[in-house]
Amino acid sequence: MEPIIKVSNLVQKRKRRTILQEISFEVPPGEWWGVFGTKSSGKTTLMHILAGIAPFSSGLVEILGMDASKSEKFKRYLGLVTEENSLFQDMTVAENLDFIAVLKNASRNDVQEMIERFELQEYLNEPLNFLKKGVLQRLALACAILNHPKVLIADELMENIDLYSQSIILRELKSFKAGGGTCLWAFSTIDFCKYVERVIWLEDGKMTLFKPEEALQEWDRQGKMYRENLLRTECV
């Protein structure tokens with residue numbers, strides 16, 4: 001079975017700094033993978049490359065069998081949630097949904113379905129700068145999957161949002177996967193590892209592939225090591 005996302009020896013450099021070093025992985029169809037890393041680990045750079053919104057220095061990136069450096073056709077099958085809010089700030093919730101539906105050739109029924117699934121009814125006439133972050137993230141994901149994409153790329157989707165919005169987003173991510181969708185979700189909260197099938201751990205631009213339980217164990221190991229080093233320093 002051909003992978004939906006294939007990355008081979010990916011390198012990204014910016015001036016003299018190497019952001020990503022020899023990154024390689026393959027995401028099979030219908031799986032939900034995570035990209036974990038702390039600030040400046042290279043998560044967002046990787047997600048932008050996979051979404052086709054940033055060029056890369058060398059290596060191979062294929063989405064749905066298409067070379068991302070040579071074709072943008074894969075984007076019609078892609079849903080994207082960026083870390084920075086990329087919705088239209090001067091529009092209401094309803095206007096964002098309607099406008100993006102036109103861009104993605106989605107139907108009015110698709111829009112109504114997203115409103116109900118993400119429980120956006122009471123916010124339709126609200127401008128985006130009035131929304132709490134949890135509602136804004138629900139809207140961002142609703143817009144991303146309006147056209148029923150095959151692949152979802154989501155960056156920092158659930159950081160610092162209310163638990164109710166988290167529950168809605170998790171429910172819809174599971175529904176997306178159950179419908180055959182493939183998802184790559186970047187996060188900086190280690191607890192989110194428990195929701196995915198594999199974890200791409202980024203640290204200083206290098207990756208290690210873990211099972212979720214292995215990633216949690218590695219986080220605990222590093223935390224213990226840093227605490228022990230701190231105690232030694234304080235005792236000197």
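This report walks through a predicted model of one protein chain, from its overall form down to single residues.

## The chain as a whole

Let's start with the big picture. The chain folds into 6 helices and 10 strands. Its radius of gyration is 19 Å, close to the 18 Å that the globule rule gives for 236 residues, so the chain is as compact as a globular protein of that length. If you follow the C-alpha trace along its principal axes, you find a span of about 65 × 45 × 35 Å.

Now look at what is inside and what is outside. Of the 236 residues, 47% count as buried. The accessible surface comes to about 12600 Å², and carbon and sulfur atoms hold 50% of that area. The chain carries 30 positive and 33 negative charges, and the mean positions of these two groups are 5 Å apart. Contacts also tell us how the chain folds back on itself: among those between residues at least 6 apart in sequence, 67% join residues at least 24 apart.

## A sheet of four strands

Next, find the open sheet made of 4 strands, in the order β2-β1-β4-β5, with antiparallel pairing. Strands β2 (17–27) and β5 stand at the edges with a single partner strand each, so one side of each has no neighbour in the sheet. As background, strands of a sheet pair through backbone hydrogen bonds, either parallel or antiparallel.

You can trace the pairing step by step. Strands β1 and β2 run antiparallel and are joined by 7 bridges, with V7 standing opposite F25 in β2. Strand β1 (residues 5–14) is also joined to β4 (residues 58–63) by 5 bridges, again antiparallel. Here I5 stands opposite I63 in β4.

## The hairpin at β4 and β5

Strand β4 pairs with β5 (residues 66–67) in the antiparallel sense over 2 bridges. One pair to look for is E62 with its bridge partner D67 in β5. The hairpin has 2 residues between the strands, and in it L64 takes a positive phi near 55°.

## Helix α1

Is helix α1 mostly enclosed or mostly open to the outside? Of its 8 residues (43–50), 6 are buried, so α1 is largely enclosed by the rest of the structure. The buried residues are K43, T45, L46, M47, I49 and L50. After α1 comes G52, which has a positive phi near 80°.

A general point helps when you look at any α-helix: there are 3.6 residues a turn, so residues three or four places apart point the same way.

## Two residues up close

T92 is found in the loop between β6 (78–81) and α2 (93–103). Is T92 buried or exposed? Its relative accessibility is 16%, and buried means under 20%, so T92 counts as buried. Which residues does T92 contact, leaving aside its neighbours within four places in sequence? They are L124, N125, E126, P127 and L128. The C-alpha atoms of T92 and N129 are separated by 9.1 Å, although these residues are 37 apart along the chain.

Our second example, Q222, lies in helix α6 (residues 212–235). With a relative accessibility of 9%, Q222 counts as buried too. Not counting residues up to four places away in sequence, Q222 touches W201 and E203.

Notes: Residues numbered from 1 in each chain as written. Predicted model: local features only at pLDDT ≥ 70, side-chain atom pairs only at ≥ 80, totals over all residues. Heavy atoms only, no water. Rg over C-alpha atoms; globule rule 2.2 N^0.38 Å. Buried < 20%, exposed > 50% of the residue type's maximum accessible area, 1.4 Å probe, protein only. Contact = heavy atoms within 4.5 Å. Areas by Shrake-Rupley, 256 points an atom, 1.4 Å probe, with all protein chains shown as cover. Lys, Arg positive; Asp, Glu negative; His and termini not counted. Charge placed at Lys NZ, Arg CZ, Asp CG, Glu CD. Pairing = 2+ DSSP bridges.
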